[in-house]
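This report introduces a structure to a reader who has not met it before. Please view the sequence and the structure together while reading.

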Amino acid sequence: MTAANTPSRRWSLLFLVCACMPAGAHDLVFRDGFQRVADAPGSDAEAARFLAMATFGPNAADVARLRAVGYRQWIEQQLSLPASLQRPEVEQAVIAAIPNPPGQLARLEIWMRNAVTGPDQLRQRIAWALSQVFVTTYLQSKLNADPGSLAELYDTFTRHAGGWFDADGAFHPGTYESLLGDVTRSPAMAKMLTYLRNRPGDPVLGTSPDENYAREVLQLFSIGLVLRHPDFSPVLDRAGIPIPTYTQAEIGAYARVFTGLSYVGGFNSNPLGANWSPASYQPLTCYAGRHDRASKVLLDYAGADAVPPQHFVLPEDQACETDLAGGLGVIAGHPNVAPFIARQLIQRFTTSNPSPAYVARIAAVFDGDAAGRRGDIGAVVSAILLDDEARQGTAAAPAVFGKAREPLLKLTALYRRYDARAQNGLYGRPNYAAYLQTPQGAPSVFNYYSPDYLPPGELAAAHLVAPELQIVNESSVFSAANDLMTQVRRTIGSANLKPTQVGLDLSPLLPLAGNPAALVARLDADLMYGAMSAPMRATLESLVAALPAGDPMRRVRTSLHVVLASPEFAVQK
Amino acid sequence: MTTSHSRSRRLFLRNATCLTAGAVAGGAWLGRFGLIGQALAQGCPPPGAVDDYRALVCVFLFGGNDSFNLIVPSDAARHAVYATSRGAMALDAASLHALDVTGGTNGHAYGVHPRCAGLAELFNRGDGAFVVNAGTLLEPTTKAAYADPDHPLPPQLFSHNDQQAQWQYGRAEANGSVGWGGLVADRLHVLNVGASLPMSISLNGQNRFQAGATVQPYAMSGAGAAQLVDYPDGSVQRQALEALVEQAHPDPLTRSYARTLGNALEYSRFMQGALDAVPPLATVFPGDNSLATSLAMVARVIAARTTLAARRQVFFVSLGGFDTHADQLDEQPDLLGTLSDALLAFDAAMHEIGTHGAVTTFTMSEFARTLNSDGNGTDHAWGGNQFVMGGAVRGQRLYGTPGANGDIFPDLVLDGPDSLARGQMIPSTASDQYAATLARWLGVAECDLATIFPYLATFPRANLGFLD
């Protein structure tokens, strides 16, 4: 799509909307200057393509709803739904197991339930994306014994995706700065990055404050390593070299900012095990007596675009909550945050290699929504999904647009499309490991993959990143395909399906088994939003025809699995 | 595996797709990646044929191993300095396993971590050595040079992923996608005449170390080569999936995925068949030890080297969890014990297979850690110590470059002549020197070493001398 033919396409889409949508469905079209695509998808395929980005996988009900209300209203409705939470149920599992930790089973069960059946799909998908930026993992820092704090942090992500009402009925918008504060005060992150009970340096013992969070909050959660323009391109010095955003001195200063935090019940309290209490997941308290009270020279924004050099110093003897809020405010206010976070969120939803202009548009939304609110997570994701580039691809480089599907989202897409469920109502130990994507179970704070991963070969030569391909290798393509085979073999109505096993409802496909073209077209629509290539369709039709006509289930299962294992399904465009 | 004919045809098609697309993209984006490929192809003569077998096994310790608690000065004078700097992190001298260092030691004594009896045994029997205070460097760097803003330093010191990349790249640069193991394989894979599998085998999925310009690793797991269930040879579904792999894909992401899936279909059963054809190892590897599980599989692949027609191989295994900011005294012993136990068993397996002199195993880790503690752990630092082992290693020695104190082993004082305020050691030996020594032993010629390790020439020695 070039700029020149955008208007005519826009009008043709609008015409479709007017012709086929109920009155009122399109009244949000062009509500502001940013939105430049027609507001309701013109086909089931367009709707399904959008939902592949915005949910854990399209299904018939969501396609119909989206077509009825249009993109904007769908998003608004989604973000106004209450957040489906994890912690309240995980807490019950924790309490039931006292004094032993209950492991990750309850937490991972609820994750899958919310992904597959949560009505707040967009919130859940945003939370999933945020959990891959602000990474915690049960594999580190004894968090395996503390699923309640992991679940509460995940709920923090879900709440910030669109905001929330507190117990007094007051609305809290979900902004980046609010999120950064809540993440920093969360016991899960404090354990993950080891600043729980972080103490000031002791000259007698020769110790220094722990630098772990200071470094990773800057490198991974906010500004990154080098100064960025709003389009994410690096700011270069006169020699053409990227300019670091901070030095070891600022790391040392922030390490001192992040001293004094511990559980609400006392600096040395440990509300776990036999002493378990809700304090284990409640926001941490900053203990003045344990906080480094010397002054701290923070980030200076020097060299960043469009801001005068600024020097931020926390004076000595400040209250530790004041230090914390001030220190985090300086991070959140850094001009890098908008492009750094915008680019990663774009990568999680729509495309691995956004054009610089796309990043800049989203960064602008990040820096101030219509109400002038900075870092509104829901507004940012909404803009990411509605952007021309998301809806129509990268005009200048159509082959570049898209992303490898996250391996785990192949499973959720299958579950959602074919209404997967077990008689006992549970998902029961999904084989997350087969996809190398256990929720809150990455190998380290560096997530399952890096936003900068350059797959060797053609993609690296073209300077194209593909984060998800970092967990795609000869071993994992088969482990994921084999688990998908397990799923495809389990169908609702089969005599072999145990009450504890999740089955797929493949009944809509079975009547098509006698007609290879119809079956393949349905698989294309169901899983690939009509984007299947002609050669792939031909291959699948031949496959279906070569399987016994008298065994419709075999035709369905085999062709469905080949789609799930295929290179084309592995990429979302 | 269908037939050798279709296999080679598919390989040809995949590679052709890759090269064509690369050439097109190269017109606009001829970056360092393209230049390396050209230099390797055009600059140096190809390696001469070999009939022996050699392999490198990289053991990457992710997170930044606190290696100044791996090897520790144990003579009273220097242990006192060490203990003062390390505070609560210090190990008792009496708890260390003594190293029997050959040659002159100037009255210096060393020991290894109490959980590293295996490493001490390997060292003391002449199969192991330490390379001391090695780290990423662009040029030799003294403390005065470090303070000079015009002195070139590696970008993003103290950052995990950047320093991992630089160790794996073989140069202290952050850009690009390839690693020195992959560039070595690009050069040497022609020695594996008749081989149907890549020269590089990963037990840890994608990794930068093994990414080459042309040769990419084959990934397997400690359980072996993953197999695709319900796609038997000759079945219509297998033919369909192979057709989907081979069809033309208009976008590079799909092509990239198709290549990996194609490789998996191509190699998995051949590899498993080769593994099944060798007798089980008698060597017992320790249980509940993920590194040992990986190394046991490496040993089986090495045992199958004749079937695989492999004369040169590069392996990558890893152990994570070394980022011990907290609870170091709880966590580091288990980590180092896991490492030591696994390496000792692997060494025994190499004896059993008859490849003890042909396989060199070496550690890498992105950095060592601050000598002083943050109370119950340590933070990111710079230079550190690495362990090398194998029959070709000139063992029972420490290798490196003398620092400000005139000794290979630096003074472990905070803010000392070779250290920063918290005892972050300024490396006296470059990671590139370490890597080039290993690559040279595997068979990379002088001419290619200069291309793969462009900063090597800025250091006084290209060969640290720890390998025959």
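Helix H11 of chain B comprises 26 residues, 328-353, and at 1.5 Å a residue it should span 38 Å; its end C-alpha atoms lie 37 Å apart, which agrees. The expected span is 1.5 Å times one less than the number of residues. Helices (H or I, at least four residues) and strands (E, at least two) are DSSP runs, numbered from the N terminus. Directly after H11(B), Gly354(B) adopts a positive phi of about 85 degrees.

The model is predicted: local features need pLDDT of at least 70, side-chain atom pairs count only at pLDDT 80 or more, and totals for chains, interfaces and linings use all residues. Residues are numbered from 1 along each chain as its sequence is written, while chains are lettered from A and ligands numbered from 1 in the order in which they are written.

The pLDDT, the predictor's confidence in each residue from 0 to 100, has a mean of 91 in chain B, where 91% of residues reach 70 or more. Residues 1-39 of chain B have pLDDT below 50, and this stretch has 48 contacts in the model beyond near neighbours in sequence. Where pLDDT is low, the predicted coordinates should not be read in detail. For the complex, the predictor gives an ipTM of 0.92 and a pTM of 0.92.

Two residues are in contact if their C-beta atoms, placed from the backbone, lie within 7 Å. By this criterion, 67 residues of chain B meet 63 residues of chain A. The elements of chain B that each supply at least two residues to this side include helix H1 (4-29) and strand E7 (218-219). H9(B) gives the largest share, 13 residues.

The table divides the side of chain B that touches chain A by class; Ala, Val, Leu, Ile, Met, Phe, Trp, Tyr, Cys and Pro count as nonpolar, Asp, Glu, Lys and Arg as charged, and the others, Gly among them, as polar.

| Class | Residues of chain B |
|---|---|
| Nonpolar | 29 residues |
| Polar | 32 residues |
| Charged | six residues |

In helix H3 (residues 76-86) of chain B, Arg78(B), His79(B), Tyr82(B), Ser85(B) and Arg86(B) are buried, that is, 20 or more other C-beta atoms lie within 10 Å of their own (exposed: 12 or fewer; partly exposed: in between; C-beta atoms placed from the backbone). These residues cover an arc of only 125 degrees around the axis, which puts them on the same side of H3(B); the arc is that of the directions from the helix axis to the C-beta atoms. Ala76(B) and Ala77(B), on the other side of H3(B), are exposed.
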